[in-house]
Amino acid sequence: RVLQLMNLTDSRLAQAGNEKLELAMLSFFEQFRKIYIGDQVQKSSKLYRRLSEVLGLNDETMVLSVFIGKIITNLKYWGRCEPITSKTLQLLNDLSIGYPFGKSSQILGKRENVRKLVKLSAVQFMLNNHTSEHFSFLGINNQSSLTDMRCRTTFYTALGRLLMVDLG
(Lines give C-alpha, C1' and ligand atoms only; values in the text may rest on other atoms or scores of the structure.)
Protein backbone atom coordinates (compact mmCIF):
# COMPACT_ATOMS: atom_id res chain seq x y z
CA ARG A 1 0.00 0.00 0.00
CA VAL A 2 2.89 2.36 0.70
CA LEU A 3 4.22 1.80 -2.82
CA GLN A 4 0.78 2.49 -4.28
CA LEU A 5 0.50 5.67 -2.20
CA MET A 6 3.97 6.67 -3.37
CA ASN A 7 2.91 6.37 -7.00
CA LEU A 8 -0.09 8.61 -6.32
CA THR A 9 1.81 11.28 -4.37
CA ASP A 10 4.73 11.31 -6.82
CA SER A 11 2.35 11.94 -9.70
CA ARG A 12 1.14 15.09 -7.90
CA LEU A 13 4.49 16.45 -6.73
CA ALA A 14 4.60 19.14 -9.41
CA GLN A 15 1.52 20.74 -7.78
CA ALA A 16 2.15 20.06 -4.09
CA GLY A 17 3.68 17.60 -1.67
CA ASN A 18 3.58 16.67 1.99
CA GLU A 19 6.93 16.70 3.78
CA LYS A 20 5.84 14.48 6.67
CA LEU A 21 4.38 11.89 4.30
CA GLU A 22 7.61 11.86 2.26
CA LEU A 23 9.69 11.36 5.40
CA ALA A 24 7.40 8.51 6.47
CA MET A 25 7.81 6.84 3.08
CA LEU A 26 11.59 7.15 3.34
CA SER A 27 11.45 5.47 6.75
CA PHE A 28 9.41 2.68 5.18
CA PHE A 29 12.01 2.27 2.41
CA GLU A 30 14.82 2.07 4.94
CA GLN A 31 13.06 -0.62 6.97
CA PHE A 32 12.02 -2.51 3.84
CA ARG A 33 15.63 -2.45 2.62
CA LYS A 34 16.93 -3.82 5.91
CA ILE A 35 14.41 -6.66 6.03
CA TYR A 36 13.58 -7.70 2.47
CA ILE A 37 16.56 -6.87 0.25
CA GLY A 38 19.74 -8.89 0.34
CA ASP A 39 21.31 -12.31 -0.03
CA GLN A 40 19.61 -13.89 2.97
CA VAL A 41 16.05 -13.06 1.88
CA GLN A 42 14.01 -15.90 0.48
CA LYS A 43 13.33 -14.86 -3.11
CA SER A 44 10.16 -16.93 -3.04
CA SER A 45 8.86 -15.20 0.08
CA LYS A 46 5.20 -14.26 0.32
CA LEU A 47 6.16 -10.61 0.06
CA TYR A 48 7.67 -10.93 -3.41
CA ARG A 49 4.68 -13.02 -4.59
CA ARG A 50 2.32 -10.32 -3.36
CA LEU A 51 4.37 -7.49 -4.90
CA SER A 52 4.24 -9.36 -8.19
CA GLU A 53 0.46 -9.78 -8.00
CA VAL A 54 -0.37 -6.22 -6.99
CA LEU A 55 2.36 -4.07 -8.54
CA GLY A 56 4.07 -6.29 -11.09
CA LEU A 57 7.36 -6.18 -9.16
CA ASN A 58 8.65 -9.70 -9.77
CA ASP A 59 12.05 -9.60 -8.11
CA GLU A 60 14.54 -7.68 -6.02
CA THR A 61 15.96 -5.83 -9.04
CA MET A 62 12.54 -4.40 -9.87
CA VAL A 63 12.08 -3.30 -6.25
CA LEU A 64 15.52 -1.66 -6.33
CA SER A 65 14.44 0.17 -9.47
CA VAL A 66 11.47 1.58 -7.53
CA PHE A 67 13.83 2.66 -4.73
CA ILE A 68 16.15 4.46 -7.13
CA GLY A 69 13.19 6.04 -8.93
CA LYS A 70 11.97 7.42 -5.61
CA ILE A 71 15.45 8.72 -4.81
CA ILE A 72 15.63 10.56 -8.14
CA THR A 73 12.10 11.95 -7.73
CA ASN A 74 12.86 13.23 -4.23
CA LEU A 75 16.13 14.83 -5.28
CA LYS A 76 14.36 16.50 -8.19
CA TYR A 77 11.30 17.84 -6.35
CA TRP A 78 12.52 18.14 -2.76
CA GLY A 79 16.04 19.44 -3.38
CA ARG A 80 15.45 22.52 -1.22
CA CYS A 81 13.95 20.56 1.69
CA GLU A 82 16.93 19.54 3.80
CA PRO A 83 15.25 16.79 5.89
CA ILE A 84 13.95 14.96 2.82
CA THR A 85 17.13 15.49 0.82
CA SER A 86 19.32 14.23 3.67
CA LYS A 87 17.19 11.15 4.33
CA THR A 88 16.95 10.39 0.60
CA LEU A 89 20.71 10.66 0.21
CA GLN A 90 21.23 8.42 3.23
CA LEU A 91 19.09 5.77 1.53
CA LEU A 92 21.18 6.13 -1.65
CA ASN A 93 24.36 5.93 0.41
CA ASP A 94 23.18 2.78 2.21
CA LEU A 95 22.29 1.14 -1.10
CA SER A 96 25.69 2.04 -2.57
CA ILE A 97 27.50 0.42 0.37
CA GLY A 98 25.59 -2.81 -0.15
CA TYR A 99 22.58 -4.46 1.30
CA PRO A 100 22.59 -5.96 4.74
CA PHE A 101 23.25 -9.68 4.94
CA GLY A 102 24.55 -12.28 7.35
CA LYS A 103 28.30 -12.04 7.82
CA SER A 104 30.36 -8.97 7.10
CA SER A 105 33.10 -11.24 5.77
CA GLN A 106 31.04 -11.91 2.62
CA ILE A 107 32.47 -8.94 0.75
CA LEU A 108 32.15 -10.62 -2.63
CA GLY A 109 28.39 -11.08 -2.12
CA LYS A 110 28.08 -7.43 -1.19
CA ARG A 111 29.83 -6.37 -4.39
CA GLU A 112 27.50 -8.58 -6.45
CA ASN A 113 24.48 -6.92 -4.85
CA VAL A 114 25.74 -3.45 -5.68
CA ARG A 115 26.45 -4.58 -9.27
CA LYS A 116 22.71 -5.25 -9.63
CA LEU A 117 22.12 -1.65 -8.63
CA VAL A 118 24.68 -0.20 -11.06
CA LYS A 119 23.01 -1.97 -14.00
CA LEU A 120 19.71 -0.13 -13.43
CA SER A 121 18.95 2.57 -16.00
CA ALA A 122 17.94 5.01 -13.24
CA VAL A 123 21.35 4.62 -11.59
CA GLN A 124 23.02 5.14 -14.96
CA PHE A 125 20.94 8.32 -15.31
CA MET A 126 22.31 9.61 -11.99
CA LEU A 127 25.86 8.70 -12.92
CA ASN A 128 25.56 10.53 -16.26
CA ASN A 129 23.48 13.54 -15.13
CA HIS A 130 24.81 14.62 -11.74
CA THR A 131 24.28 18.35 -12.20
CA SER A 132 22.09 21.04 -10.67
CA GLU A 133 19.99 20.95 -13.84
CA HIS A 134 18.63 17.59 -12.67
CA PHE A 135 19.24 17.82 -8.91
CA SER A 136 18.66 21.31 -7.53
CA PHE A 137 20.49 20.71 -4.23
CA LEU A 138 23.72 20.55 -6.23
CA GLY A 139 23.32 24.15 -7.34
CA ILE A 140 25.91 26.57 -6.05
CA ASN A 141 24.70 29.86 -4.67
CA ASN A 142 25.83 32.46 -2.19
CA GLN A 143 23.57 30.99 0.47
CA SER A 144 25.11 27.48 0.43
CA SER A 145 25.10 26.07 3.92
CA LEU A 146 27.15 23.42 5.60
CA THR A 147 24.15 21.10 5.27
CA ASP A 148 24.09 21.64 1.49
CA MET A 149 27.76 20.76 1.32
CA ARG A 150 27.20 17.61 3.39
CA CYS A 151 24.39 16.60 1.03
CA ARG A 152 26.64 17.09 -1.99
CA THR A 153 29.38 15.07 -0.29
CA THR A 154 27.00 12.21 0.50
CA PHE A 155 25.67 12.24 -3.08
CA TYR A 156 29.08 12.15 -4.72
CA THR A 157 30.40 9.58 -2.23
CA ALA A 158 27.53 7.24 -3.15
CA LEU A 159 28.02 7.86 -6.88
CA GLY A 160 31.75 7.26 -6.48
CA ARG A 161 31.11 3.92 -4.79
CA LEU A 162 28.76 2.91 -7.61
CA LEU A 163 31.34 3.87 -10.21
CA MET A 164 34.09 1.92 -8.46
CA VAL A 165 32.15 -1.30 -7.83
CA ASP A 166 33.64 -3.05 -10.86
CA LEU A 167 37.15 -2.02 -9.86
CA GLY A 168 36.87 -3.93 -6.60
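Of the chain's 168 residues, 40% count as buried. The model is a predicted one, and its surface comes to about 9400 Å² of exposed area, with carbon and sulfur atoms supplying 53% of that.

As for the fold, there are 8 helices and 0 strands, so reading along the sequence simply gives α-α-α-α-α-α-α-α. Contacts reach well along the chain too: among those between residues at least 6 apart in sequence, 65% join residues at least 24 apart.

Now for the inside. In soluble globular proteins, nonpolar side chains tend to be buried together. Here, the largest nonpolar core holds 42 residues, and the members touching the most other members are Ile68, Met126 and Phe155. Two or more residues each come from helix H1 (2-11), helix H2 (19-36), helix H3 (46-55), helix H4 (60-77), helix H5 (82-97), helix H6 (107-118), helix H7 (121-128) and helix H8 (146-164). H4 chips in the largest share, with 7 residues.

Ile68 deserves a quick look of its own. Leaving aside residues up to four places away in sequence, Ile68 touches Leu92, Leu95, Leu117, Leu120, Ala122, Val123 and Met126. Met126, then, turns up twice: as a contact of Ile68 and as one of the core members that touch the most others.

Finally, the cysteines. A disulfide is a covalent bond between the sulfur atoms of two cysteines. How many turn up in a search of the whole structure? The count is 0 disulfides. Cys81 has a relative accessible area of 11%, and because buried means under 20%, Cys81 counts as buried. Cys151, at 5% relative accessibility, is buried by that cut-off as well.

How values were computed:
Residues are numbered from 1 along each chain as its sequence is written. This is a predicted model: local features need pLDDT of at least 70, side-chain atom pairs count only at pLDDT 80 or more; totals for chains, interfaces and linings use all residues. Side-chain values use heavy atoms; hydrogens and water are left out. A disulfide is a pair of cysteine sulfur atoms within 2.5 Å. Buried means under 20% relative accessible area, exposed over 50%, partly exposed in between (1.4 Å probe, protein chains only). A nonpolar core is a set of buried Ala, Val, Leu, Ile, Met, Phe, Trp, Tyr and Cys residues joined through side-chain atoms within 4.5 Å. Helices (H or I, at least four residues) and strands (E, at least two) are DSSP runs, numbered from the N terminus. Contact means heavy atoms within 4.5 Å. Accessible areas come from the Shrake-Rupley method with a 1.4 Å probe; for residues, only the protein chains shown count as cover.
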